[in-house]
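Biologist: Please take a close look at one part of this model for me: the aromatic rings that pair up, and what they sit on. Keep it loose, but give me the cut-offs.

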Amino acid sequence: MVAAARGSAANEVDLGCMGLVPDRSTAPLVVAPEFADFYAATFPQLLTQLHAFVGDRAEAQDLVQEAYTRAFARWSAISRFEDPVGWVRRVAWNLAISRWRRARRLLHWRRDLAPPDVEGPDGLSLDLTRALSKLPPIYRQAVILHYVADLPVRDIATFTGAAEGTVKARLHRARTMLNELLSLDDGRSGNG
């Protein structure tokens, strides 16, 4: 049995099924000349076909090489097929279709996980945001709670712990300040 395992490269003996595992760290990989000739003769044609299908030469090379790797692992059986190149072609195409399906699935997942696109702020929103940032915090809070959160004065008073008259005064002062700040912004944009 060991003598058969030490035979020439043309003798294709599956050492793994006999319980013998060669030391691959020192022994070079020996390829049957028949497989090497098959690879050299058919690789360019399959590469061209897969490149046309997937549109990327590097990906096509990966797919075709993976198909040949699988053929090499089963070469003793595949070499007896009526059309071994047909087997390699089918494996390469199946690999390409599997990658395409996987990529499509990932795109769907990514689309489902990605937040929807949000439009950027317009000029008025930016001006208002800048003007609000210049208000004192207690005035800004009153304006945001009243005009953005749509809370009545009574609820703002409860929320802040201030009297209703104080909230009304804050809103009045904030509106006056915003009017001045936004008027200044209009004057600057008109001169620029």
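Modeller: Rings of Phe, Tyr and Trp (its six-membered ring) pair if their centres lie within 6.5 Å; planes under 30 degrees apart count as stacked, over 60 as edge-to-face and the rest as tilted. By that rule there are 9 aromatic pairs. Take Tyr-39 and Tyr-68: their ring centres are 4.8 Å apart and the planes sit at 75°, so this pair is edge-to-face. Tyr-39 belongs to helix 2 (residues 33-54) and Tyr-68 to helix 3 (residues 57-73), so the pair ties together parts that are 29 residues apart in sequence. Helices here (H or I, at least four residues) and strands (E, at least two) are DSSP runs, numbered from the N terminus.

A caveat before going on: this is a predicted model, where local features need pLDDT of at least 70 and side-chain atom pairs count only at pLDDT 80 or more, while totals for chains, interfaces and linings use all residues. Residues are numbered from 1 along each chain as its sequence is written, and side-chain values use heavy atoms, with hydrogens and water left out.

Back to the rings. Tyr-39 is partly exposed at 28% relative accessibility, whereas Tyr-68 is buried at 2% (buried means under 20% relative accessible area, exposed over 50%, partly exposed in between, with a 1.4 Å probe and protein chains only). Tyr-68 also pairs with Phe-43: the centres are 5.9 Å apart and the planes at 45°, so that pair is tilted. Phe-43 is in helix 2 and Tyr-68 in helix 3, so here the pair ties together parts 25 residues apart in sequence. Phe-43 and Tyr-68 are both buried. Zoom out a bit and these three residues turn up in one aromatic cluster, formed by Phe-35, Phe-38, Tyr-39, Phe-43, Tyr-68, Phe-72 and Trp-75.

What do the rings sit on? Two packed helices are described by the angle between their axes and the distance between the axes. For helix 2 and helix 3, the axes come within 8 Å and cross at roughly 140°. Those axes are lines fitted to C-alpha atoms, for helices over the stretch in contact, with angles running from 0 to 180 degrees between N-to-C directions. The crossing of helix 2 and helix 3 is right-handed; a crossing is left-handed if the near helix is turned anticlockwise from the far one by less than a right angle, and right-handed if clockwise.

Contact means heavy atoms within 4.5 Å. On the helix 2 side of the contact you'll find, among them, Phe-35, Phe-38, Tyr-39 and Phe-43, and on the helix 3 side residues including Tyr-68 and Phe-72. The aromatics have company there: Leu-46, Leu-47 and Leu-50 are among the helix 2 residues, and Leu-63 and Val-64 among those of helix 3. By class, the contact has 14 nonpolar, 4 polar and 2 charged residues (Ala, Val, Leu, Ile, Met, Phe, Trp, Tyr, Cys and Pro count as nonpolar, Asp, Glu, Lys and Arg as charged, and the others, Gly among them, as polar).

For context, the chain has 9 helices and 0 strands. Buried residues make up 22% of its 192 residues. Of the chain's contacts with a separation of 6 or more, 51% come from residues 24 or more positions apart.
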